[in-house]
Amino acid sequence: MKQALWYLIKVAVLVAVALWLIDHDGAVVITWQGYIVNTSVAVLVFGIVAAALILALAVRLWRGLVHLPRTVGEWRRSSRRERGYQALTQGMVALAAGDPSAARKHAREADQLLRDPPLSLLLSAQAAQLAGDDPAAQSYFTRMLAEPETEFLGVRGLLSQAVKAGRRVEALELARRAHGLRPQAPWVLTTLFELEARAGHWQAAETVLHQALRAGVVAAAEGRQRRAVLLLAQSWEAESQGRWDEAWTHAAAAHDLAPGSVPAAARLAAIAPRIDKVRAAVKAVERTWRTDPHPALAEAYQALGGGIDAPAQVKRMQRLAALAADSVEGLVAVARAALTAGQVALAEDSLKRAVNMAPTRRLYHALAAVMDARHDAVAAADYRTQAAGAAPDPVWVCGSCGTVAPDWRPLCGHCGGFDTVEWRLPDAQAGASLIASPVPMAELQPVSAA
Ligand SMILES: [Zn+2]
């Protein structure tokens, strides 16, 4: 609008000047080198203006011609960039759609068009990963380490490759490097914790756990549980080096953090006789038993009363059973002590009550053992038959790999998972193998947790 107005003003001025010149015309005579030119003022002025215009046009044309190559280059570059970004976008879409060959094709295109490695390398790496071409992915991720803006992503890619391939030492080094680059990133904290713990670096794992708690990556309750497991691990380590007092201190701290933890209470009971802490261990076992009457605790409790005679032991186990009224494990514990004391009737009565509550394989085998003590071969055989068809009992199982463990440990002995061993029914296959194995009197022996 403003431009149009300005243009109109210019035209108006020109017309006015032209009209004025025509109205006030006069003659001009130019004498130059023997030539005489007769003309009017108006024609002379228009001639000069026309010559100026032609000159300006010529200059413009010349400039355009001089800058032509640069303009064409810029246009080509921008079109190249546009196609490069388009290839990048299409590559990402292909990646999301799970089409590795299309993703790799677009990644190559983007790489050629953009010549900007940080942009296309990640796409190339992920496309290779999706296609299962680990060596190619590895090389792309490694190239990403060189650029500061892609280093973190490169480390992450290499780390996931290392974890997948089970290269633990390399994975730990990469996780530490990632932690150095972004110490607050949630996946960095959880991965580094897991790797430090799996490597048995308990103190390093605890430091990372502390950071994860502060960053809100791990909830408070979960943090307490993990710390308790780390403390138990340190307790075992101290015990293996003969440092019994330290073993006790760590286990006691774990018990305070997680009073419901069966492994912590069982650990205290296992250490106590060595350093004259039996009374404290008895208290700890009773405390945990109240919320979780577990066979490992019954066994630990019985072991803590080692010096007393069999009838007194029966009374002791009855006191323990009363702390968690009507629990199957309380009845089993009493039956076990009663059988040792020769009180067969009490053992049978306790087990029959227990089997009414939970008719599992272990209890039928235990009843068969009582019948053996009674020299009643027919009843014993009958209980063993029932045992074969009965439900399995819970065991220590790794929740990650499903391996049945003989006792609880901070790390799974099979897959190395941290705090993955839990007390539950085994998986179907493991159950089948348990059915096949004969388990007589030993079935009264609970699985150790210490
Ligand atoms: Zn496992």
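Student: What radius of gyration does the chain have, set against a compact globule of 450 residues?

Tutor: This is a predicted model, so let's take its overall shape from the computed numbers. A compact globule of 450 residues would come out near 22 Å. Along its principal axes, the C-alpha trace spans about 155 × 45 × 40 Å. The radius of gyration of the chain is 44 Å.

Student: How many helices and strands are there in the chain?

Tutor: Helix α2 covers residues 41–96, and strand β5 covers 421–424. Counting up the secondary structure of the chain gives 20 helices and 5 strands.

Student: What share of the contacts between residues at least 6 apart in sequence join residues at least 24 apart?

Tutor: Start with burial: buried residues make up 40% of the 450 in the chain. The chain exposes about 25,100 Å², with carbon and sulfur atoms supplying 59% of that area. As for the contacts you ask about, the share joining residues at least 24 apart is 53%.

Student: Which helix has the lowest confidence?

Tutor: The chain as a whole has a mean pLDDT of 89, and 95% of its residues reach 70 or more. At the top end sits helix α11 (residues 244–257), at 98. At the bottom, with a mean of 44, is helix α20 (residues 428–436).

Student: Over which residues does pLDDT stay under 50, and why go easy on the details there?

Tutor: Where pLDDT is low, the predicted coordinates should not be read in detail. The model does have 50 contacts beyond four places in sequence for the stretch in question. That stretch, with pLDDT under 50, is residues 430–450.

Student: On to the metal. Why is the arrangement around the zinc ion called what it is?

Tutor: The zinc ion is coordinated by the SG atoms of C398, C401, C412 and C415, at 2.3 Å. In sequence, these donor residues are spaced C-x2-C-x10-C-x2-C. The 4 donor atoms subtend angles of 105 to 115°, so the arrangement is tetrahedral.

Student: Are C398 and C401 buried or exposed, or something in between?

Tutor: Both residues give an SG atom to the zinc ion. C398 has 0% relative accessibility, so C398 counts as buried. C401 has 31%, so the word for C401 is partly exposed.

Student: Which residues is T420 in contact with, leaving aside its neighbours within four places in sequence?

Tutor: T420 is in the loop between β4 (404–405) and β5 (421–424). T420 has a relative accessible area of 16%, so it is buried. Two of the zinc donors, C398 and C412, are among its contacts. The full list is V397, C398, G399, S400 and C412.

Student: How far apart are the C-alpha atoms of G84 and P311?

Tutor: G84 lies in helix α2 and is buried, with a relative accessible area of 0%. Beyond its neighbours within four places in sequence, G84 is in contact with A110, L113 and L114. P311 is 227 residues away along the chain. Their C-alpha atoms are separated by 86 Å.

Student: And what is the C-alpha separation of G98 and L174?

Tutor: G98 is found in the loop between α2 and α3 (100–114). With a relative accessible area of 43%, G98 is partly exposed. G98 and L174 are 76 residues apart along the chain, and their C-alpha atoms are separated by 27 Å.

Student: Is T288 buried or exposed?

Tutor: T288 sits in helix α13 (residues 278–291). Leaving aside neighbours within four places in sequence, its contacts are H255, P259, G260, S261, V262, A265 and L297. The relative accessible area of T288 is 0%, so T288 is buried.

Student: What phi does D276 have?

Tutor: D276 is found in the loop between α12 (262–271) and α13. At a relative accessible area of 70%, D276 is exposed. Although D276 is not a glycine, its phi is positive, at about 60°.

Student: Where does D326 lie?

Tutor: D326 has a positive phi of about 60° too, and it is not a glycine. At 62% relative accessibility, D326 counts as exposed. D326 lies in the loop between α15 (310–323) and α16 (328–340).

How values were computed:
Residues are numbered from 1 along each chain as its sequence is written. This is a predicted model: local features need pLDDT of at least 70, side-chain atom pairs count only at pLDDT 80 or more; totals for chains, interfaces and linings use all residues. Side-chain values use heavy atoms; hydrogens and water are left out. pLDDT is the predictor's confidence in each residue, from 0 to 100. Helices (H or I, at least four residues) and strands (E, at least two) are DSSP runs, numbered from the N terminus. Contact means heavy atoms within 4.5 Å. Donors are N, O and S atoms within 2.8 Å of the metal (3.2 Å for Na, K and Ca); water is not among the atoms, so sites may look incomplete. Four donors count as tetrahedral if all angles lie between 85 and 135 degrees; four count as square planar and six as octahedral if opposite donors are over 155 degrees apart and all others between 65 and 115; anything else is irregular. Buried means under 20% relative accessible area, exposed over 50%, partly exposed in between (1.4 Å probe, protein chains only). The radius of gyration is taken over C-alpha atoms; the globule rule is 2.2 Å times the number of residues to the power 0.38. Accessible areas come from the Shrake-Rupley method with a 1.4 Å probe; for residues, only the protein chains shown count as cover.
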